[in-house]
Every structure is written in C-alpha cells, then in structure tokens.
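Welcome! Below you will find a set of short exercises, each with a worked solution. Take a look at the structure, then try each task before reading on.

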Amino acid sequence: FPSHDKSAARSENPARLACVRPAASVQWMPFNYAMTGTSGSPVITSRNTKDEIIASDILDENTYDQIQNQFRIASGGADFIVGLQPFSEDNLVAFARNSIHLVRGVGADLANATVQEITREVGCVSRKSIAQVGNQIFFLSDNGVYGVAFEDLYNLRGATVPLSEAINPLIARINKPYAGNAVGVYHDNRYYLAVPLDTSTVNNTILVYNFLNASFILDGRLA
C-alpha cells in the first residue's frame, strides 16, 4: 500500500479462506489476498504470501486492519498455513504444512496477542481433516492421525506416537499428492476420516476412530 495510514490499509470483505471465530467479536483468516478499490468495485489480488493471518476489527467481521491485525506464522522456508482452529478460550491453533503454532490472546486487545511455535516436527496435511472433539483436536499429518488436548500440544515435540500407529500400513497407502483432500468429522463418539488410498485421486476410504474403545475400527474390528 502506498500509505501507512491506518485508514488506507483497511479492507472491506477481502477474499476469504477458512475463516474462524475464536471469540464472538473477532474473525480470523489466512491473509493470502489483498483488496483495493471500493466496496462496490473491489480488486482482489494474490499477495503471494501463505504464512500470515489477519483478524477483523472487533464486532465488524467485514473490516480488516492490514497493519495492526496481521500476524506472521510460519515464516521462513517453504512452510505455509493449512488451517486455523480456535481452542481453549482465547487461543488459536494455526496448523501449517510442516509445523504447528499457537496464537494467544486472540479474544481481547490484539496488541497483546503473541505467536508461539509449538513444533516443527508435525504439521497438518489437510485443513478439512481438523476437527475439535471436546478438549481435543484431531488432524491428519504425514505421520498419521493425531489427537491432542490443549495441555498436550507441546508433547507433539519429539517421538510422539500418532493415534493411527496401529493402522500404519493403511496410512502408508494414502495417496500423498491428494491427501490434502482428506475430510474429518466427529459424530456419535467417532472420528470419521475420508482419505484417498492407493492411486485414487478422490477420497475412497473412511477411517473410523472409536472414542469409546480408543481404537480405529477396521472391517468391524478394533485395530
């Protein structure tokens, strides 16, 4: 932007990707696009940046301050933001492709918000695989399916074993170039994850994690 004046750096209703609302007053999204022009004739362009997020003004989800409410998450390297998940009061978990980050203080004055890297050893493969179940977040990584509680986020560092370890041969069959299409949902004490196996380019298999037995179900049996 030619000017650093706050009013010149505000956008109305920019292009949206995976918006989330950790607090009732603020909405967050990846800051991949910029908008110029007027609200009646907007011009949306790519910023060629995929490691930043931006928050809306308080109680105004259509206005975004591109100077004060912008945060860089996965800076450096080829990492990029995959998805965002509000978690535990005023915290936001930012899942990047090869790392995970925690943004604290997102429900109050954003001048006091902080970004903290949780790990570079685990990342998220698919935005739609992210699902919150109670105090846990489930997601698909290159290593398999993880399910972590807020207080256990830091345990992702080191040799953490994914929930799907028992079905590793099946996880290894996921068609990696198309793993980003995986979709996870929670229903009736189960986490359902649709994935593309073998040479399939679309999701053709559903993995089911049973919370009551803390195991994946394969062919009607616990794995």
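**Exercise 1. Charged partners**

Find how many salt bridges the structure holds, and describe each pair.

*Solution.*

Step 1. The structure, which is a predicted model, holds three salt bridges. As background, side chains of opposite charge can pair when their charged atoms come close.

Step 2. Begin with Asp-142 and Arg-97, whose closest N and O atoms are 2.8 Å apart. This pair links distant parts of the chain, 45 residues apart. Asp-142 sits in the loop between strand 14 and strand 15, while Arg-97 belongs to the loop between strand 10 (91–96) and strand 11 (100–104). Asp-142 has a relative accessible area of 38% and is partly exposed.

Step 3. Move on to Arg-120 and Glu-117, which meet in a salt bridge with an N to O distance of 2.7 Å. To sort the two partners, recall that exposed means over 50% relative accessible area and buried means under 20%. Arg-120, at 62%, is therefore exposed. Glu-117, at 32%, is partly exposed.

Step 4. Finish with Arg-173 and Asp-198, whose side chains form a salt bridge at 2.7 Å, N to O. Here too, distant parts of the chain are linked, 25 residues apart. Arg-173 lies in the loop between helix 1 (168–171) and strand 16 (183–187); Asp-198 lies in the loop between strand 17 (190–195) and strand 18 (205–210). Arg-173 is partly exposed, at 37%, and Asp-198 is partly exposed, at 40%.

**Exercise 2. Positive phi**

Look at Asp-188 and Asp-198: what is phi near in each residue?

*Solution.*

Step 1. Start with the background: most residues other than glycine have a negative phi.

Step 2. Phi of Asp-188 is near 55 degrees, a positive value in a residue other than glycine. Asp-188 is found in the loop between strand 16 and strand 17, where its relative accessibility of 49% counts as partly exposed.

Step 3. Phi of Asp-198 is near 60 degrees, again a positive value in a residue other than glycine. You have met Asp-198 already, as the salt-bridge partner of Arg-173.

**Exercise 3. A sheet of three strands**

Work out in which order the three strands of the open sheet 13-14-15 lie, and which of them stand at the edges.

*Solution.*

Step 1. The three strands form an open sheet in the order 13-14-15, with antiparallel pairing.

Step 2. Strand 13 (131–133) and strand 15 (144–149) each have a single partner strand, so they stand at the edges, and one side of each is left without a neighbour in the sheet.

Step 3. From one strand to the next, the twist averages 25 degrees.

Step 4. Now zoom in on one pairing: three bridges join strand 13 to strand 14 (residues 136–141). Ala-131 has Phe-138, in strand 14, as its bridge partner.

**Exercise 4. Rings that meet**

Starting from Phe-138, find its aromatic partner Tyr-209, then trace the cluster they belong to.

*Solution.*

Step 1. A search of the whole structure gives eight aromatic pairs.

Step 2. Phe-138 and Tyr-209 form one of them, with 5.9 Å from centre to centre and 45 degrees between the planes. Planes under 30 degrees apart would be stacked and those over 60 edge-to-face, so this pair is tilted. Phe-138 in strand 14 and Tyr-209 in strand 18 are 71 residues apart, and the pair links these distant parts of the chain. Both partners are buried: Phe-138 has a relative accessible area of 1%, and Tyr-209 has 7%.

Step 3. Tyr-186 and Phe-211 form an edge-to-face pair, with centres 5.3 Å apart and 85 degrees between the planes. Tyr-186 lies in strand 16 and Phe-211 in the loop between strand 18 and strand 19, so the pair ties together parts that are 25 residues apart in sequence. Tyr-186 is partly exposed, at 37%, as is Phe-211, at 22%.

Step 4. One aromatic cluster is formed by Phe-138, Tyr-186, Tyr-191, Tyr-209, Phe-211 and Phe-216.

**Exercise 5. A serine in a strand**

Is Ser-215 buried or exposed, and which backbone oxygen does its side chain reach?

*Solution.*

Step 1. Ser-215 is placed in strand 19 (residues 215–218).

Step 2. Its relative accessible area is 14%, and buried means under 20%, so Ser-215 is buried.

Step 3. The side chain of Ser-215 reaches the backbone oxygen of Asn-213 at 3.1 Å.

Methods. Residues are numbered from 1 along each chain as its sequence is written. This is a predicted model: local features need pLDDT of at least 70, side-chain atom pairs count only at pLDDT 80 or more; totals for chains, interfaces and linings use all residues. Side-chain values use heavy atoms; hydrogens and water are left out. Two strands pair if DSSP finds at least two bridges between them. Helices (H or I, at least four residues) and strands (E, at least two) are DSSP runs, numbered from the N terminus. Axes are lines fitted to C-alpha atoms, for helices over the stretch in contact, and angles run from 0 to 180 degrees between N-to-C directions. Buried means under 20% relative accessible area, exposed over 50%, partly exposed in between (1.4 Å probe, protein chains only). A polar contact is a pair of N or O atoms within 3.5 Å; within protein, one must be able to donate a hydrogen and the other to accept it, and residues adjacent in sequence count only if both atoms are side-chain atoms. A salt bridge is a side-chain nitrogen of Lys or Arg within 4 Å of a carboxyl oxygen of Asp or Glu. Rings of Phe, Tyr and Trp (its six-membered ring) pair if their centres lie within 6.5 Å; planes under 30 degrees apart count as stacked, over 60 as edge-to-face and the rest as tilted.
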